[in-house]
Amino acid sequence: MRVLTSLLLAVPVALGLGVGAASANPPTPAPQMIEDFTMQPETRWRFFTDGVMGGISTGELMMITGDGPPHARMTGHVSTANRGGFIQMRHDLDAPPPAGTQGLRLIVRGNNQRYFAHLRTKGTLLPWQYYQAPFEVTESWQEVQLPFSAFKPSGRMLRAVPDSQALTSVAVVAYGRDHEAEVEVREVGFY
């Protein structure tokens, strides 16, 4: 019996696990999906243009089914005239991500251009306040992981890094320059 007990204790040590390793290094939480565009996504996503502040950008948000996996397609013309320059699709969160979450995860494709993810928190009270991180799209679906540290505040009155436990919305945005936008989003979540 003593030999069996010694063997059972030696196996975890030989594998580099050590006694009590499970409690010392908790498993990394699985990614949290907040949207896969399968169950009436049009009820959760809103489309905005800079027209809300006098800009002249135009576009539309379509929910696509039957062309591969369900996804959202945002297209339009972004114009910086009249102090404008954006179109966006936004999702209000029901709850903040779990504690320990490190960033935003997207599955996207598009027209080989740069787009942005915007986060709003309980501290972004004014319409022009947000946290922004850029990402590039290609014509193929790809996963993009944006750590919260990559998000920059829109002004000096905000924290340097968004507080994940205070998140209230996530947006995908075509922003800041005159261009034709086409970005598709298949999944949105946190990691």
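## A tour from Gln132 outward

Start at Gln132, which stands opposite Lys152 in strand 10. This is a predicted model, so keep that in mind at each stop. The model's chain has 191 residues, and buried ones make up 41% of them.

**The whole chain**

Colour by secondary structure. Two helices and twelve strands appear. Trace the chain along its sequence: the pattern reads α-α-β-β-β-β-β-β-β-β-β-β-β-β. Now turn on contacts with a separation of 6 or more. Residues 24 or more positions apart account for 71% of these contacts.

**The open sheet**

Go back to Gln132 and select strand 8, residues 131-136. Strand 8 pairs with strand 10 in the antiparallel sense, over two bridges. Next, select strand 7. Six bridges join strand 7 to strand 8, and the two run antiparallel. Look for His118, which stands opposite Gln132 in strand 8. Gln132 therefore takes you in two directions: to His118 and to Lys152 in strand 10, within a sheet whose edge at strand 10 has a single partner strand.

Widen the selection to the full sheet. Six strands form it, in the order 2-5-11-7-8-10. The sheet is open, and its pairing is antiparallel. Which strands stand at the edges? They are strand 2 and strand 10 (152-153). Each has a single partner strand, so one side of each is left without a neighbour in the sheet.

Move to the strand 2 edge. Strand 2 pairs with strand 5 over five bridges, again in the antiparallel sense. Pick Arg46 there: its bridge partner in strand 5 is Arg90.

**The largest pocket**

Show the pocket surface. The largest pocket holds about 420 Å³ of space. How many residues line it? The count is 19. Select Met53, Phe86, Pro127, Trp128 and Tyr130, which lie nearest the centre of the pocket. Then colour the lining by class: ten residues are nonpolar, six polar and three charged.

Keep the strands in view. Strand 2 (45-49), strand 5 (86-92), strand 7 (114-121) and strand 11 (167-175) each supply at least two residues of the lining. These four strands also have places in the open sheet.

**His71 and its surroundings**

Select His71, in strand 4 (residues 71-78). Is His71 buried or exposed? It is buried, because its relative accessible area is 0%. Zoom in on the side chain. One of its polar atoms lies 2.8 Å from the backbone oxygen of Pro69.

Now show what His71 touches, leaving aside neighbours within four places in sequence. Met62, Met63 and Ile64 are among its contacts. Glu184, Val185 and Arg186 are others. Phe37, Arg109 and Trp141 complete the list.

**Two positive phi angles**

From His71, step across to its contact Phe37. Phe37 sits in the loop between strand 1 (32-35) and strand 2. Check its backbone: phi is positive, about 60 degrees, although Phe37 is not a glycine. Most residues other than glycine have a negative phi. Phe37 counts as buried, at 2% relative accessibility.

Finish at Arg83, in the loop between strand 4 and strand 5. Arg83 is not a glycine, yet its phi is also positive, at about 60 degrees. Where Phe37 is buried, Arg83 counts as exposed, at 76% relative accessibility.

Key:
Residues numbered from 1 in each chain as written. Predicted model: local features only at pLDDT ≥ 70, side-chain atom pairs only at ≥ 80, totals over all residues. Heavy atoms only, no water. 1 Å grid on protein atoms, 1.4 Å probe; cavity = no way out; pocket = protein on both sides within 12 Å on 5 of 7 lines; lining within 4 Å. Points joined across faces, edges and corners; volume = space filled by probe spheres on them. Nonpolar A, V, L, I, M, F, W, Y, C, P; charged D, E, K, R; others polar. Buried < 20%, exposed > 50% of the residue type's maximum accessible area, 1.4 Å probe, protein only. Polar contact = N/O pair within 3.5 Å; in protein donor to acceptor, adjacent residues only side chain to side chain. Contact = heavy atoms within 4.5 Å. Pairing = 2+ DSSP bridges.
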